[in-house]
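Thank you all for coming. I would like to walk you through one protein model this morning, starting with the whole and then moving to particular residues.

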Amino acid sequence: MDVIRKQSYLNTVISTVGMVIGYLNTVLVLPYFLADPDKVGLTRFLLSVSPVFAQFAALGFTNTSARYFPYFRDRDKQHNGFLFLMLAIPMLGFAVVTVLFLFLKPAVFDLYRVTSPLAVDYYYYIIPLSFFTLLFLLLDAYLRALYKTIVQTFLQDFLVRLLTMACAALFYWGFVDFQWFVILFIAANSCTAFICIIYLLWLKQFFVRPGRNMFQIVPIKEVVQYGLYAFLGNISGTIITFTDTAMIMAYRGLSDVAYYTTGYFITSAILVPYRSMNKILSPQVADLFKQQDMPALGKLYKNMTRVNLLIGLLLFLGIWCNVDNIFALMPAEYSAGRYVILFMGIARIFELATGLNAMILVTSHKYRYDLILNILMVALVIFTNYLLIPPYGISGAAFASMLVFILINVFRVAFVAYFFKMQPFGWDSLLLLLIAGAAYLASYALPQLPHLLLDIAVRSVLITGVYGGLAVGLKASPELNEGIRKTLLKFGVGKR
């Protein structure tokens with residue numbers, strides 16, 4: 001737990017600072033510097049389609065590392081050629097997917113020529129961005145298997161966002177035209193892979209030679225079978241995030257993509273602690289399964305859920321109670337994403353409340369069930385978007401995603417409870433929801449203050465004070481009270 005706590009803390013700090021930069025990009029920099037919502041929508045489209053491309057090429061090897069690396073781990077033997085396997089096969093997959101991508105060009109052009117012509121103009125730019133996205137995903141998975149997560153978090157959550165801001169500034173000040181902005185934007189999102197290689201060389205862990213016994217450590221049939229299921233599961237999960245963007249583009253155009261993804265990104269702050277902890281928890285869960293230590297896994301499942309929910313609810317309150325203030329900072333048309341924030345915020349809270357269920361299923365021998373659920377998610381997202389986007393626009397897309405996320409996570413919790421006799425809920429989960437309700441009522445009772453930044457500051461302090469005070473006083477999270485106690489001890493306050 002010390003390793004988890006330390007790296008999760010550092011990841012959360014880095015991600016939080018990065019989130020501030022991300023908010024500046026989302027709320028101020030891109031909407032004002034690029035000016036045209038279609039151009040903002042194009043950047044979101046590129047970042048939505050490249051992970052889909054990369055996951056098709058990866059063939060499930062990002063999940064394979066979490067499950068099987070503990071069996072290959074042996075630094076003296078260069079981990080038995082594991083990194084070679086991770087890189088070689090997905091690179092072949094990338095070549096195949098690129099050919100298919102080029103064949104799909106006429107169909108894509110016909111679909112988006114009218115509603116999103118800018119996406120058609122920059123179709124080929126997806127290929128290099130997807131290649132470096134794939135390379136980063138593979139190297140990130142390998143580094144996480146080595147219990148190294150801090151550098152990747154810094155690169156993805158901080159450096160890329162800072163470079164994106166710089167690219168937008170260059171365009172705004174007239175140093176580059178929009179085409180060169182897109183090239184620089186892709187370069188900013190691609191440099192992370194190169195830096196990961198340099199980091200692995202510094203760690204002396206960049207072992208790319210094939211190992212003599214790499215096909216004997218774990219039966220190759222098992223690895224291939226798991227990789228196939230993980231591949232299909234990953235594609236299902238990634239397509240879900242892309243489906244909303246693609247269907248909004250087809251029905252409404254890139255400008256609505258900009259409004260939708262802006263609201264979507266604003267709620268992503270809720271998942272910062274969850275994602276930060278998951279980066280180190282994934283190999284931890286794999287090791288616990290290898291050791292068959294189910295009591296420890298059950299305890300980890302419940303504790304991490306409580307911590308994630310504690311922080312996530314506070315972040316959701318901070319966003320939703322300040323939603324009018326947030327949109328007051330942006331061009332007026334972006335307020336179309338108001339209910340995207342509400343619906344996706346609820347979906348993310350439910351994801352936090354159900355904890356590590358997906359990770360437990362994927363890492364266990366019951367991984368096939370997560371694949372089934374992911375396929376069901378894709379079908380439901382497409383169907384509900386088809387029904388709700390035409391009449392309700394981006395709010396309909398967000399509502400559809402919220403319903404599907406809640407439904408699928410209910411199934412995941414049920415599967416984990418049935419197969420492994422563990423579930424993440426306790427009375428403390430209900431208590432945290434009641435505390436969040438009290439903090440919301442306190443914010444609702446506060447009248448709107450005359451100055452925007454003053455209102456944000458006072459409202460946020462009020463929410464934090466009520467929420468934090470009740471959480472500590474009612475001991476809703478032992479981890480929070482223990483953390484406060486240890487902090488006070490460092491300053492000579494309290495008893496050991």
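Before the overview I need one term: a residue is called buried if its relative accessible area is under 20%, exposed if that value is over 50%, and partly exposed in between. Please also keep in mind throughout that what you have on the screen is a predicted model.

With that term in hand, of the 496 residues of the protein, 55% count as buried. The protein has 20 helices and zero strands. If we take the contacts between residues at least 6 apart in sequence, 84% of them join residues at least 24 apart. As for the outside, the protein exposes about 22100 Å², and carbon and sulfur atoms supply 70% of that area.

Let me turn to the aromatic residues, since the structure holds 28 aromatic pairs. The one I would like to show you is formed by Y122 and F178, whose ring centres are 5.8 Å apart and whose planes meet at 90°, so this pair is edge-to-face. The two residues come from distant parts of the chain, with Y122 in the loop between α6 (117-121) and α7 (126-145) and F178 in helix α9 (residues 178-203), 56 residues apart. Both Y122 and F178 are buried. F178 has a further partner, because the charged end of K39 sits over its ring, and here the criterion is that NZ of Lys lies within 6 Å of the ring centre and within 35 degrees of the ring normal; for K39 the distance from the centre is 5.1 Å. A second arrangement of this kind involves R348, whose charged end sits over the ring of Y264, 4.5 Å from its centre.

Ring pairs also build up a cluster, in which F53, F94, F101, F109, Y123, Y124, F131, F132 and F194 are linked. Two of these names return when we look at I126, a residue of helix α7. Is I126 buried or exposed? Its relative accessibility is 1%, and I126 therefore counts as buried. Not counting residues up to four places away in sequence, I126 touches F45, L46, V49, F53 and F101. For V49, the C-alpha atom is separated from that of I126 by 7.5 Å, although the two residues are 77 residues apart along the chain.

We stay in helix α7 for the next topic, which is salt bridges, and the structure holds four of them. In one, R144 is joined to D140, with the closest N and O atoms 3.2 Å apart. Both residues lie in helix α7, four residues apart, which is about one turn of the helix. R144 has a relative accessibility of 17% and so counts as buried, and D140, at 10%, is buried as well.

Another salt bridge is formed by R306 and D428, where the closest N and O atoms are 2.8 Å apart. This pair links distant parts of the chain, R306 being in helix α13 (residues 294-320) and D428 in helix α18, 122 residues apart. R306 is buried, with a relative accessible area of 10%.

How do things look for D324 and R338, whose side chains meet in a salt bridge at 2.5 Å, N to O? D324 lies in helix α14 (residues 323-328) and R338 in helix α15 (residues 338-353), so this pair ties together parts that are 14 residues apart in sequence. D324, at 47% relative accessibility, counts as partly exposed, and R338 is partly exposed too, with a relative accessible area of 26%.

Helix α18 (residues 427-445), which we met through D428, also contains S443. The relative accessibility of S443 is 4%, so this serine counts as buried. Which residues does S443 contact, leaving aside its neighbours within four places in sequence? They are C321, R459, L462 and I463.

I will finish on the surface, where V20, L24, L28 and Y32 form a nonpolar patch with about 330 Å² of accessible area together. One member, L24, belongs to helix α1 (residues 2-33), and with a relative accessibility of 38% this leucine counts as partly exposed.

Conventions: Residues are numbered from 1 along each chain as its sequence is written. This is a predicted model: local features need pLDDT of at least 70, side-chain atom pairs count only at pLDDT 80 or more; totals for chains, interfaces and linings use all residues. Side-chain values use heavy atoms; hydrogens and water are left out. Rings of Phe, Tyr and Trp (its six-membered ring) pair if their centres lie within 6.5 Å; planes under 30 degrees apart count as stacked, over 60 as edge-to-face and the rest as tilted. Buried means under 20% relative accessible area, exposed over 50%, partly exposed in between (1.4 Å probe, protein chains only). Contact means heavy atoms within 4.5 Å. Patches are made of residues with over 30% relative accessible area and no salt bridge: like charges are joined within 9 Å, nonpolar side chains (Val, Leu, Ile, Met, Phe, Trp, Tyr) within 5 Å. Accessible areas come from the Shrake-Rupley method with a 1.4 Å probe; for residues, only the protein chains shown count as cover. A salt bridge is a side-chain nitrogen of Lys or Arg within 4 Å of a carboxyl oxygen of Asp or Glu.
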